[in-house]
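Take a look at the model below. We will go through it one site at a time.

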Amino acid sequence: MLNAPARPLLGCIADDFTGATDLANMLVRGGMRTVQSIGIPTAEVAGQLDADAIVIALKSRTVPAPDAVKESLEALRWLRERGCEQIFFKYCSTFDSTAAGNIGPVSEALLEALDSDFTLACPAFPENGRAVFRGHLFVQDQLLSESGMQHHPLTPMTDANLVRVLQSQSQGKVGLLRYDSVTQGVERIRARITQLRAEGVRLAVADAVSDADLHRLGEACAGLALLTGGSGLALGLPDNFRRAGKLRDLDAARVAAVEGGEVVLAGSASQATNGQVATWLQAGRPAFRIDPLALAAGQPVIEQALAFAGDHAEPVLIYATSSPDEVKTVQRELGTERAGNMVEQAMGRIASGLHQAGVRRFVVAGGETSGAVVQALGIQLLQIGAQIDPGVPACVSTPGEPMALALKSGNFGGPDFFAKALKHLAGVPA
């Protein structure tokens, strides 16, 4: 067995909290001991890090592009100071950010800071139904622009052509690493990358429709300073370090059990989360709905939610999930940014109040909601455990009194995810 590495091998920058846990989950499945930092680690936290991979979770997906670039470069500097050998910029498998970015601007800024001239962009995650073919992103059997993401309240995606989307955000030339190259193997991928570089391409969208494609892409890109994509692209990275003799053979998914109360908090308006809320309600389980208009009117919604949770011995769902039409109605009245911020702040305050009441296990749906919750709980670092559903691992906070969390991207998980995640965090996986 090898000695513990003197430094982390892979440094990752994620543009939201659930995206970070999604990526960390993939790395743990590949055998890399992985920790997730909520923002750039403090000096106190940095001294406790002992992992093969470090994932820094930012909240940069929906901020102005210059702010996203600044935060990402700060994270990069921190990771490079720790000696990370390769950098991974993680964004959502639905390729969404703001209309002005932020995937293109951040990718180009990271390339420049790393003194590199080329990287891939691949959000494919076949296990969760995301595939890229001829540069177009599919969600299950639908184009991205017809998948429901066109109605996303913060980052609507109305174009499935990723080359076109990324080029609109980027200064450099964007190209395509087509499926006919990917399927021919690692050497053909490397040869095509050489051709793309010679053509002046700086960012290349990579086709991938299977895990085998992602493994080939990961192996072919072992020498790139920067990779960008969804968590699927990280599938092949642990084996790169393993082949180089740098990865230990350990149980990367082992985390401590956590006792205490439990709750489900859902703020996402995605189709998947709407379905999960419906499944919970249809089962007759207790649930309290957060009404943004009531919050805006100054009604004691937070206090009512806490009282509701206190009145029930079993786990409750507290949710702000709404249909696309309901979301549009609220946004017209309150404005998109204000409506989102109000719900996030409310969920954070509810999480804090529940923690004070003894809740120690949190299932959270939605990237923005997860960010608000972990910040409100004062969590600095997460140890990444075993997978609950594709893209969603169990996590345990550290340092201090541990809390167990499942932070779910709005689009991830099956209809029964909430109940399944509660069982998993309690130590009885379904």
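Is T34 buried or exposed? This is a predicted model, and in it T34 counts as buried, because its relative accessibility is 4%. The cut-off for that word is under 20%. T34 sits in strand β2, which covers residues 34-38.

What lies around T34? Leaving out residues up to four places away in sequence, T34 touches A24, L27 and V28. It also touches A51, A53 and V55. Its other contacts of this kind are L382, Q383 and I384. The side chain of T34 has a polar partner as well: one of its polar atoms lies 2.9 Å from the backbone oxygen of M32.

Now turn to the cysteines. How many disulfides does the structure hold? The count is zero. C84 shows why: its sulfur is 7.9 Å from the closest cysteine sulfur, that of C12, so the two are too far apart for a bond. A disulfide would need the pair of sulfur atoms within 2.5 Å. C122 is in no disulfide either. For C122, the nearest cysteine sulfur belongs to C221, 9.4 Å away. Both C84 and C122 are buried by the numbers. C84 counts as buried because its relative accessibility is 12%. C122 counts as buried because its value is 0%.

Next comes the empty space. Rolling a probe the size of a water molecule over the atoms shows where such space is left. How many cavities of 30 Å³ or more does the structure hold? It holds one. The volume of this largest cavity is about 560 Å³. Its lining is made up of 35 residues. P153, L154, G267, S268 and A269 are the closest to its centre.

Which helix gives the largest share of that lining? It is α14, with five residues. Helices α13 (324-334), α14 (336-356) and α15 (367-376) each supply at least two residues. By class, the cavity lining has 18 polar residues, 11 nonpolar ones and six charged ones.

Then look at the pockets, which are open. The largest pocket holds about 380 Å³ of space. It is lined by 25 residues, and those closest to its centre are R130, S147, Q271, A272 and N411. Helix α10 (271-282) and helix α13 each supply at least two lining residues. The largest share comes from α10, with three residues. In this lining, 14 residues are polar, nine are nonpolar and two are charged.

What is the volume of the second largest pocket? It is about 300 Å³. The residues that line this pocket include K59, T62, V63, S97 and T98. Also in the lining are L154, T336, E337, G340, N341, E344 and E368. Helix α14 gives the largest share here, five residues. The classes are six polar, four charged and two nonpolar.

One residue links two of these sites. L154 is among the residues closest to the centre of the largest cavity, and L154 also lines the second largest pocket. Helix α14 recurs too. It gives the largest share of the cavity lining and the largest share of the lining of the second largest pocket.

How values were computed: Residues numbered from 1 in each chain as written. Predicted model: local features only at pLDDT ≥ 70, side-chain atom pairs only at ≥ 80, totals over all residues. Heavy atoms only, no water. 1 Å grid on protein atoms, 1.4 Å probe; cavity = no way out; pocket = protein on both sides within 12 Å on 5 of 7 lines; lining within 4 Å. Points joined across faces, edges and corners; volume = space filled by probe spheres on them. Helix = DSSP H or I, 4+ residues; strand = E, 2+ residues; numbered from the N terminus. Nonpolar A, V, L, I, M, F, W, Y, C, P; charged D, E, K, R; others polar. Buried < 20%, exposed > 50% of the residue type's maximum accessible area, 1.4 Å probe, protein only. Polar contact = N/O pair within 3.5 Å; in protein donor to acceptor, adjacent residues only side chain to side chain. Contact = heavy atoms within 4.5 Å.
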